[in-house]
Structures are given as C-alpha cells and as structure tokens.
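Dear colleague,

Please find below the sequence and structure that I am handing over to you. My notes on what was found come straight after.

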Amino acid sequence: DGEMANFTDELIKKGNNGLVDRGKLDGVESLDNLLDLPSNLLLSKKTLLPSDLLFEFNRAELRESAKVGLMKLGLLIDKNPTLYCWIEGHTDLIGSDEMNFKLSERRADAVKDYLVKSMRMDPERIFTRGFGKTQPLITSGNADIQAPNRRVEIRMRKTPPPKGEIKTPKAEPVIIEPEPPKAV
C-alpha cells in the first residue's frame with residue numbers, strides 16, 4: 001500500500017515530470033493525508049487512486065494489492081458519516097470513447113462494490129461516475145506516459161453528485177446480425 005501512497009504523492013509533487021499541468025492536481029492529497037483532516041477541510045480535497053495499482057490493464061477486477069488502499073478509503077468514509085463519497089473513474093486516451101466510458105464506469109463500480117460488500121459500507125452514501133477519457137491529466141503520449149490518466153478519483157462531499165452532468169459519448173454504430181429462426 002505504500003506503493004499507492006507514494007504514487008499519489010509523487011504525482012502530486014512532480015505533476016508527472018511536468019506533463020500534468022499543476023491546476024489539474026489542485027486539491028489532490030494522499031489518502032493518508034485525508035484521513036487526518038476534519039470534515040470541513042475534506043470538502044475542498046480529492047485523492048487519486050492509480051488504476052494501474054487497482055486494476056490489471058484494461059480490466060475492472062480489483063487486484064489483491066488494491067485492497068489495503070480501499071480499506072483506508074472505507075475508514076475515511078466511516079470517519080465522516082455526514083459526507084457522501086464520490087468515486088469517479090477515468091481512463092487514458094487510447095481506444096474508443098464508448099469503450100473507455102464503460103471501463104471507467106465499471107472501475108468506479110468495482111471500488112464501490114468492494115466497499116459495500118467487503119467492508120459493509122452504506123451504498124446510499126457512495127456514488128460512482130465514469131468520465132472515460134473526457135478529463136485527462138496528460139493529453140498525449142503512449143500508454144506509459146498516459147498512466148496518470150488511468151485513475152479513480154475520490155471526493156468526500158456534503159451532497160451526492162449532480163445528476164445528468166456527464167455526457168455519455170455517442171455509441172459507435174453496431175451491426176446487428178438478424179437472429180436465425182428458432183426451431184419450434
């Protein structure tokens with residue numbers, strides 16, 4: 001789990017070797033730092049959980065190693081019973097809009113599922129959203145350079161997130177094969 005905290009701290013400090021513009025990391029703190037903050041100070045902060053440490057590439061099943069970080073997140077939710085937890089999935093820019101949008105949603109949902117099923121957190125206080133590739137920290141480069149884009153952002157807020165704020169990307173045309181007639 002030190003790996004996760006170090007990754008977040010390094011990302012915040014360096015802005016990913018200057019590739020991440022500092023404004024995009026405003027208010028980002030490590031999960032450990034958030035645990036020490038009173039509720040009123042949490043409202044202006046967020047933390048990043050790097051997808052590469054949470055999930056295998058292009059998958060939404062949690063790695064075993066992710067679970068320590070998620071236990072800390074559960075502790076954060078527990079310590080702030082008046083706040084809602086927003087879990088927001090983000091992807092890199094590689095691949096189609098729709099595929100990335102769905103992947104970001106599945107990853108955010110996987111984090112919520114773990115919190116609810118394994119840690120018995122209240123599902124009514126945890127909200128997930130997928131942003132796909134619409135909010136990159138880094139706007140070009142190969143998959144390695146874009147690693148910071150693959151992340152789950154966590155915010156603790158007084159209200160659930162606004163509805164209808166995320167635009168679902170237009171689906172790419174799908175060719176539907178006619179079903180063969182069923183034998184009676």
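The notes below deal with one strand and its partners, then the nonpolar cores, and lastly a loop residue.

This is a predicted model, in which local features need pLDDT of at least 70 and side-chain atom pairs count only at pLDDT 80 or more, while totals for chains, interfaces and linings use all residues. Residues are numbered from 1 along each chain as its sequence is written, and side-chain values use heavy atoms, with hydrogens and water left out.

Strand β4 covers residues 151–157, and 7 of its 7 residues are buried (under 20% relative accessible area, with exposed meaning over 50%, for a 1.4 Å probe and protein chains only); helices (H or I, at least four residues) and strands (E, at least two) are DSSP runs, numbered from the N terminus. In a regular strand the side chains alternate between the two faces of the sheet. In β4, Arg151, Glu153, Arg155 and Arg157 lie on one side and Val152, Ile154 and Met156 on the other.

β4 pairs (at least two DSSP bridges between two strands) in the antiparallel sense with β1, residues 46–50, over 5 bridges, and Leu49 stands opposite Val152. With β2, residues 84–90, the antiparallel pairing of β4 runs over 7 bridges, and Tyr84 stands opposite Arg157.

The largest nonpolar core (buried Ala, Val, Leu, Ile, Met, Phe, Trp, Tyr and Cys residues joined through side-chain atoms within 4.5 Å) has 26 residues, of which Leu54, Leu62, Leu73, Ile87 and Val111 touch the most other members. To this core α2, α5, β2, α6 and β4 each supply at least two residues.

Finally, Arg120, in the loop between α6 and β3, has a positive phi near 55° and is exposed, at 71% relative accessible area.

Best regards
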